[in-house]
Every structure is written in C-alpha cells, then in structure tokens.
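Please open the structure in your viewer and keep the selection panel at hand. The stops below go from cysteines to the core and then to the aromatic rings.

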Amino acid sequence: MRGAILDLRRRPAVTAGIAAAVLYFLLPAVLGRDYGWLAQRETYRLMWLNLLGAHFQLPLETPKPLPVLLAGLLGSGPAYYALTCAMVGVCVAAAVRLGKAVTGSIWPGVIATSAVFALRGMFIGYVLTGGIEPFHAALVLLAIVAVAGGRLHLVSLALFGACLCRPETWSLAPIPLLLTVVAKRRLSALSLLPFAAPLVWVGFDRAMTGDWLYSLHVTRYYRLASPLAASPTGSLSGDMFSALSTVAGGVPLVVGFAGLIIWSWKLARRRPAIRTTDHEQSLRSTRYLAAVVWLAIALPLIASWGTSLSGHVLQMGRFHYPAVVLLTLFAVSCPFFLFSSRAPRWSVLALSAAIAAFAFSPRDVTESVERARINEMRATIYDPIAGDVKHLVENGSAEIVIVSGRQLDYFAKLLGPANSWKLLSIREMMYGARAIPAGARSAVVAYIEPDEITDPSADSVIQWVTRAWPTRSVLVPYALFGSGQGGVWLVKSAPQ
C-alpha cells in the first residue's frame, strides 16, 4: 500500500486524474442525486437494440457509434456514469502531462482543468447527464499527450475513438499518417485507422436504420424540428468564436490564443537540437507537438465552418471541448512562458489562477446542478399515466401518440418497436417539421408542464394539437396528473 502511494506521488498526472474521477463520482452523493437516474442514455440503448435487430423509431438524436456501443454494453445509469467520471480523470491526467511538457510544471494542467471542469460549470451538467463531451475531450487530449511521448500507435487508437464520438474530429484523421512520414517511421496499418471512422459511422447507420446517411439526415432534420437556427453561412469569426467563448469564457479564450502564439514563437526561436537518427526520439520533438496542438484546435473549427456553409447544420461551442481545454491550458500557461524565470513562483501561480478565475460562472454551475435534478425527475415523471397511454394504443383507441420530444425514448420503450412508429413529438408538430397525417382519426396526447424545449403549459400544447389537427377535432381528458399540470387526452376527429 505504501509503495503504491509513493508511486502515485511520483506520477502527479495520474494522481490528479484519479482524484478528479473520484471527486466527480462522489458529486451526486453531495448533491443528493440518485445514482440510478444519472447518465440516462436510453436513446443510445434504443439505437443499440436496433443494431441487434429491433426496429424502433429513434428519437431526435444523432447516433454516435462509440457511446452507443458503451450504452449497449454498460446500460444507462451508474455504470455509464462511472465510465464518464473515468473519462474526466483521463482529461485531467492528459492536461497535467501536456502542461508539464509545455511549461515544465504540473500546475497549468491542474489550474486549467479546474477552470474548465468545475469553475465554468457547463461541464458538470454534461458529466452528470452522461454527455459525450468528456469522452471526446479525453480521447483527443490522450492522442496529443501520446504525441509528446512518441507513442504513435496510441495516437492512432485515441483519434479513432474520438472520430467515433464527433464527426468534426474526422479532420484529425491524417495526423498519425503525417507523423509517420515526417518522423520517418515505418508505415503501420494503425496509422490509417482513423480514416476508417467515417466508414464505420455510415455502416453503423445502415445497420441501425437501413439508411447509410441517417446521421446526416437526422442532424438536418433536428434543426427543422427545433426552434434553433443554424449558424449563418461562413460565420466563423462571429458565431463560432462566440460559441467558444460561451463554453470557455472570453478571457481564457483570448489569452489562450496569445499563449499558444507565444509558445510557438519561443519554439521557433530555439536552436534546433543536433540531428539524430533515432526516429523514436525525433517523434518526441516539441515542434511536432506544437504542430499537432495547432491542428487539433484549427482543423475541427474549419470543418465546422465548412459544414455551416450548407446552412443546415447546427454549430455549438460544446462540439469543441478539446479546443476549449487546450486554449484554457495555454491561457494559464502564459504567466509561465513570460515570467517563470523573472518572478517568484508564487506570483506566477497567482497570475495563472487569476486568468482561470475569469472562467468562473456561478450561473452555469447552478444550471448544471439543476439540470441533473430535472433529468432525474423526468426519468419517472410519466410513470403514473404510462399504463393509460399503452392501453389506449394497444386497444386501437389512438392511431398517433403525441408526446414531448424529450420523452420519445421513454415512450418508445413503453410502446415497443412496432408502436413506437406512432410517436410524434410536440416540437415536430409545433414547428411544422412533420404534419399529422391527413387521414388520422384519433390520437393520444401525453404531457406534463413544463417538459418541452420551449417549456409551454399543458393548455398551450392542447391548443397546438387542435390547430395542427387536419380536421375539426374533439379533445377529451382521459387521465390527469394530481397536480393539474398535465395528463392524458384523447383526440378524435369530429363528425363532419
């Protein structure tokens, strides 16, 4: 035991990663949350079941192969949440390692990850709800740290995993091959592995839905079915950096770019080391590391800008968490670049911490905690009327089931694969993305307020259904919640 503790002291990055993972795993207990309702990835579970031969109508969510595989193997809830916490640990360990490689100190990585994963607050919500962001950031950072360690096979494997999390990361697929060429290493099939990610993605879509381009189609459709607008065509400097500053904080974002430029300038001025024929050593070159860091930030942003040219694809700052972590790391590293040899160590650390403090957003912290509470509530909120909905569908009283878009996975599981195709979300109907069939004669509406993307009242939902119904209709309460804020209604076409 004592030997293990001493080993951890010698490996501060691993120690910091373990500490972060443990703290995040204990966070729900501190907040009074039920571990059984954390990281509810039921949408991914439905996708997994479709891969195994089921035929559910899938909720409005873009499939991502890696999390679908993990949700299929681990299920939703505690196990998935534990793995998410482990990914936070990998993020922290990788950032500490990278910060040490860049500045010679472990503190930039510790300070930067504290800013992104705790002070900014948004990340807390993504972890508690089992979001893909910790996996995406961990795998990209792991790949960059592997470059610093000269471990090219790990670079390929980590980037392949990241490419199965977010399509923007496909732009990083050439990195292992480029490193192989410039470092004059022997070409390995693993260097080409990240290029296979798009093929895996479309094959996954085909096996799951029968549509090779399902992810692209559902991503475009999501914009139509939501009150969210795609970024204006070509708006890279505007909307893209505005979205990044929302996630990272304005000061860390600007200072981060400045820190990255200063570090690159210092490397460019440094005299080149004596050439060596040791290809393993050449791959560890700090200049290679700098090039990969720049590529890891720039290429996904350029890829996002490129997709925005279509005017159909939503762009959000959370899609670029690896860039956010890297820029925050270089922001808090700025004092180390400029003053580490001129000022007392405590003053350098204080200035670094002051930069990180600009990331602090109490509102984001509060909203993330509240989001976890609301997600826990939503997991069971429809249980009292679930039996009524299922009965009305199975006995033929309802041809269509109109529910909150947030609850499509809940009702799909409730109704089963065949009847899941009767589901229609309120937002699809409200925003005209999908009309009620002209020949529809009956439907059931299940809703409790507020449980939709615009949080309307139950009365508003009833009015929307009545307006959208293709003929004059009669709407009758069937089973109401005791709170009076929602329930189940039967809709029938009125006699003409």
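A residue is called buried when its relative accessible area is under 20%, exposed when that area is over 50%, and partly exposed in between, as computed with a 1.4 Å probe on protein chains only. This is a predicted model, in which local features need pLDDT of at least 70 and side-chain atom pairs count only at pLDDT 80 or more, while totals for chains, interfaces and linings use all residues. Residues are numbered from 1 along each chain as its sequence is written, and side-chain values use heavy atoms, with hydrogens and water left out.

Begin by selecting Cys163, which is buried with a relative accessible area of 0%. Its closest cysteine sulfur belongs to Cys165 and lies 9.0 Å away, too far for a bond. Select Cys85 next, also a buried residue, with a relative accessible area of 1%; here the closest cysteine sulfur, that of Cys91, is 12 Å away, again too far for a bond. With a disulfide taken as a pair of cysteine sulfur atoms within 2.5 Å, the count comes to zero.

Now move to the largest nonpolar core, meaning a set of buried Ala, Val, Leu, Ile, Met, Phe, Trp, Tyr and Cys residues joined through side-chain atoms within 4.5 Å. This core has 141 residues, of which Trp263 and Ile402 touch the most other members. Select Trp263 and display its contacts, where contact means heavy atoms within 4.5 Å: leaving aside residues up to four places away in sequence, Trp263 touches Val102, Thr286, Leu289, Ala290, Val293, Phe330 and Phe337.

For the aromatic rings, note that rings of Phe, Tyr and Trp (its six-membered ring) pair if their centres lie within 6.5 Å, and that planes under 30 degrees apart count as stacked, over 60 as edge-to-face and the rest as tilted. The whole structure holds 14 aromatic pairs. One of them is the tilted pair of Tyr80 and Phe135, with 5.8 Å centre to centre and 50° between the planes. Tyr80 lies in helix α5 (residues 78–103) and Phe135 in helix α8 (residues 133–148), so the pair ties together parts that are 55 residues apart in sequence; helices here are DSSP runs (H or I, at least four residues), numbered from the N terminus. Tyr80 is buried at 0% relative accessible area, and Phe135 is buried at 2%.

Return to Trp263 and add Phe330, which together form a tilted pair, 5.0 Å centre to centre with 40° between the planes. Finish with Phe117, Phe123, Tyr126 and Tyr321, which form one aromatic cluster.

Definitions and conventions. Helix = DSSP H or I, 4+ residues; strand = E, 2+ residues; numbered from the N terminus.
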